[in-house]
Amino acid sequence: MEFPFPYLTSGFDGDYRVKKDLMDILACPICKGDLVLNVVEENEEEVISGTLYCPVCKEHYPIDEGIPNLLPPDMRN
Ligand SMILES: [Zn+2]
């Protein structure tokens, strides 16, 4: 089986179902491009905290308490 997420090599525990679902849904709010997931904290089911990075916009979007914050940076305040 081919590993579909080369950017998830760190912390990969053999179960990426929720992460895969998450990444299928999420896109950069600015350019609608793919986001790169960087996991800081996770459990068996979901990513608790981390960041989503858009390499096109060079913008980081935080994941806090399992909820990704995809507001554009100038709308976060
Ligand atoms: Zn973008």
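# Predicted α-β-β-β-β model

Glu-65 counts as exposed because it has 6 C-beta neighbours inside 10 Å; a residue is exposed with 12 or fewer other C-beta atoms within 10 Å of its own, buried with 20 or more, and partly exposed in between, the C-beta atoms being placed from the backbone. The model is predicted: local features need pLDDT of at least 70, side-chain atom pairs count only at pLDDT 80 or more, and totals for chains, interfaces and linings use all residues. Residues are numbered from 1 along each chain as its sequence is written.

The protein contains one helix and four strands, both taken as DSSP runs numbered from the N terminus (helices H or I, at least four residues; strands E, at least two). Along the sequence the pattern is α-β-β-β-β. The four strands make an open sheet, ordered S1-S2-S3-S4, with antiparallel pairing. At its edges are S1 (36–42) and S4 (67–68), each of which pairs on one side only; pairing requires at least two DSSP bridges between two strands. Between S2 (residues 47–54) and S3 (residues 59–64) there are five bridges in the antiparallel sense. Leu-52 faces Tyr-61 of S3.

Two loop residues, Lys-58 and Glu-65, are set side by side below. Each is a residue other than glycine with a positive phi. Most residues other than glycine have a negative phi.

| Residue | Phi | Loop | C-beta neighbours inside 10 Å |
|---|---|---|---|
| Lys-58 | near 55° | between S2 and S3 | 7 C-beta neighbours |
| Glu-65 | near 55° | between S3 and S4 | 6 C-beta neighbours |

Lys-58 is classed as exposed because of its 7 C-beta neighbours inside 10 Å.

Of the 77 residues in the protein, 13% are buried. The largest nonpolar core consists of eight residues: Met-23, Leu-35, Leu-37, Val-47, Leu-52, Cys-54, Tyr-61 and Ile-63. Such a core is a set of buried Ala, Val, Leu, Ile, Met, Phe, Trp, Tyr and Cys residues joined through C-beta atoms within 7 Å. S2 and S3 are the elements that supply two or more residues to this core, and S2 gives the most, with three residues.

Leu-35, one of the core residues, is in contact (C-beta atoms, placed from the backbone, within 7 Å) with Leu-26, Ala-27, Cys-28, Leu-52, Tyr-53 and Cys-54, leaving out residues up to four places away in sequence. For the protein, 32% of the contacts between residues at least 6 apart in sequence join residues at least 24 apart.

Definitions and conventions: Two residues are in contact if their C-beta atoms, placed from the backbone, lie within 7 Å.
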